[in-house]
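Dear colleague,

Please find below the structure that I am handing over to you. My notes on what was found in it follow directly after.

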Amino acid sequence: MRRNLEAFTDGTFDLCIIGGGITGAGVALDAVTRGWRVALIDKGDFASGTSSLSSKLVHGGLRYLEYGHFGLVHEALVERGRLLRNAPHLVAPLPFILPFYRGDRLAPWQWRLGLTLYDLLAGRGNIARSRRLTCRQIQSALPGVNPEKLIGGASYHDALMDDARLCLAVLQTAARHGAILANYVEAVEFEKSGGIIAGVWAQDRLSGRRWLLRCRAVLNAAGPWADALCRLAGDSGEPRLQPTKGVHLIAPPRGHRAAALLLHPCDGRVFFVIPWYGKTLIGTTDTFPEAGPGALQVLQAEIDYLVEGYNRYFSASLRVDEVMGTFAGLRPLLRVRSGAPSAQSREFTLQTSASGLVTALGGKYTTFRQMAETIVDSLAGRLQKRRRCQTHNLPLMGTPSIPWGIFCQDMTASIRSRFPIAEDTAVHLVHRYGDQVESVLERISGAEGGFNRVHPDEPDLVGEQRYQREEEMAQFPADLFLRRSRIGMFRPELLSV
Ligand SMILES: Cc1cc2nc3c(=O)[nH]c(=O)nc-3n(C[C@H](O)[C@H](O)[C@H](O)COP(=O)(O)OP(=O)(O)OC[C@H]3O[C@@H](n4cnc5c(N)ncnc54)[C@H](O)[C@@H]3O)c2cc1C
């Protein structure tokens, strides 16, 4: 995937997508595989908005059952099944433990009912049936879990992803099919003819160059910036979004063999403890933000809230000074009149304004493919395009042609025998790049000190950065350390080198 700005000036595109998070990426892939001419620009790095700052769950959302969002949960569970097949290197099954405590906001029978429904809604795509667990089984899966008032629990499955890399894989697949993409290109103005948008004035933030990107339709996939883009197009009226802020902590490994779904002792809200890249991800908060996208900060009170939640459940206390990293993102949720942040709808909707600008609002990461199909279907009539969606079973870049388990085992052994790499690095490379791992290793071999580790305690290699610059459009250290690799999220000192 190469950055070629000249290609944006070549004729008229069917669709220009503004925003290279998962929503824009999904639409680019759907539209280009139907044979459309597609351009996509992002003012920052790909996935540098919300799409690298999620809880990393490809899930139906067990907790949404509480609000009666059965359709949304079913749709997300179907998409979870597809992603496990279409991107097995980046999306993997994740066992969850749900401990029950006497006096919890939800009684065990309510959880069990919810889990049975969750299994049913997943249908044939279920990963494994939920099960009742004894206190002893809970303690074995979650070492150090607080036994006081523990009365049993349950296990169920969802899936874990690398959100930034999954977004990149969708973009790479779209580029392979002919989509023209660039990061660090901002939509700064709309070109109109008779009041209707006929193009986008794009500005390269690296060189300052500005040009007109001609197109037949424009999709606003700017996530939490969607309202700002509507204003740029001249739309007046109420904001369409009511974003909520979510903060996560990354703690050192805590020996958990599964993720845990827990209720916060202060307010009864659901939060997760998730093993991720050998570390422990704890989150999330869900509040109305104090600042707009791009200006979010993690507040001390938010760190304290998550540490307090964790320490309510685990005897090996987590100290605030042990926290390795933090991050905050904005959920681009639809504006509704009232209600607590966590009760805001995760539904998705599409709006077309008088200028012709089509805006994608709401939704969640897991359902990006389905949202993209809906968006492209709705544009197809206007553009008089007939071909139907092609992405249901489309393998994403990196997916091998043989079953993942076999590929993973054979390739890990093969690269270990041919290159000077340790077991953890071999596993890491195969999962990160899938069937592209051989060409990544070629670049690593050709880079000076390529086989050195970026950090002595992490499997990432220095030479990966060469591939990430040449083939994945990484421009700055943050692109390399926060999104192409994730090491900067828990080793923030790397970002200041
Ligand atoms: C804390 C948190 C946890 C979450 N956890 C989960 C989860 O576990 N599972 C799940 O399914 N979902 C989860 N979500 C929801 C999910 O992450 C979001 O729905 C999704 O990432 C939104 O993607 P997007 O592409 O719409 O927006 P973004 O990823 O924010 O992308 C928008 C892009 O538009 C670009 N842009 C803005 N203005 C312009 C312009 N003028 N020109 C060019 N580009 C522009 C931005 O730079 C940005 O990259 C979570 C969200 C949050 C905040």
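The domain bounds used in this message come from an automatic or database domain assignment. Please also bear in mind that the model is a predicted one.

On that basis, the protein is divided into domain 1 (5–50 + 164–241 + 345–383), domain 2 (74–161 + 242–332) and domain 3 (404–496). The centres of domain 1 and domain 2, taken over C-alpha atoms, are separated by 32 Å. To their contact, domain 1 contributes 17 residues and domain 2 contributes 16 residues. On the side of domain 1 that touches domain 2, the elements giving two or more residues are helix 5 (163–176), strand 17 (358–362) and helix 8. Helix 5 provides the largest share of that side, 3 residues. By class, the residues on this side of domain 1 comprise 7 nonpolar, 7 polar and 3 charged.

The ligand

Where does the ligand lie with respect to domain 1 and domain 2? Both domains give residues to the shell around the ligand, so the ligand lies between them. There are 39 residues around the ligand, and those that come nearest are Gly 19, Gly 21, Gly 49, Gly 223 and Gly 246. The elements that supply two or more residues to this shell are helix 1 (22–32), strand 8 (185–193) and strand 15 (325–331). In terms of class, the shell holds 14 nonpolar, 19 polar and 6 charged residues.

The overall fold

The secondary structure of the protein amounts to 13 helices and 17 strands. A compact globule of 497 residues would have a radius of gyration near 23 Å, and the 22 Å found for the protein agrees with this. Along its principal axes, the C-alpha trace spans about 70 × 60 × 45 Å. Of the 497 residues, 49% count as buried. When contacts between residues at least 6 apart in sequence are considered, 70% of them join residues at least 24 apart.

Helix 2

Helix 2 (residues 70–86) may serve as an example of an individual element. This helix has 17 residues and reaches 24 Å from its first C-alpha to its last, close to the 24 Å expected at 1.5 Å a residue. Its buried residues are Leu 72, Val 73, Ala 76, Leu 77, Val 78, Glu 79, Arg 80, Leu 83 and Asn 86. The cover over these buried residues of helix 2 includes strand 3 (57–58), strand 4 (91–101), helix 3 (108–122), strand 6 (150–161) and helix 8 (368–383).

Backbone details

Three places in the backbone should be mentioned. Gly 283 and Thr 284 are joined by a cis peptide bond, with omega of about 15°. Thr 284 belongs to the loop between strand 14 (279–283) and helix 7 (300–313).

Gln 384 is not a glycine, yet has a positive phi of about 55°. This residue lies in the loop between helix 8 and helix 9 (404–418). Is Gln 384 buried or exposed? Gln 384 counts as exposed, because it has 7 C-beta neighbours inside 10 Å.

Met 473, also not a glycine, has a positive phi of about 60°. Its place is in the loop between helix 12 (464–471) and helix 13 (477–484). With 23 C-beta neighbours inside 10 Å, Met 473 counts as buried.

With kind regards

Technical notes:
Residues numbered from 1 in each chain as written. Predicted model: local features only at pLDDT ≥ 70, side-chain atom pairs only at ≥ 80, totals over all residues. Near = placed C-beta within 6 Å. Helix = DSSP H or I, 4+ residues; strand = E, 2+ residues; numbered from the N terminus. Nonpolar A, V, L, I, M, F, W, Y, C, P; charged D, E, K, R; others polar. Expected span 1.5 Å × (residues − 1). Buried ≥ 20, exposed ≤ 12 C-beta atoms within 10 Å, placed from the backbone. Contact = placed C-beta atoms within 7 Å. Rg over C-alpha atoms; globule rule 2.2 N^0.38 Å.
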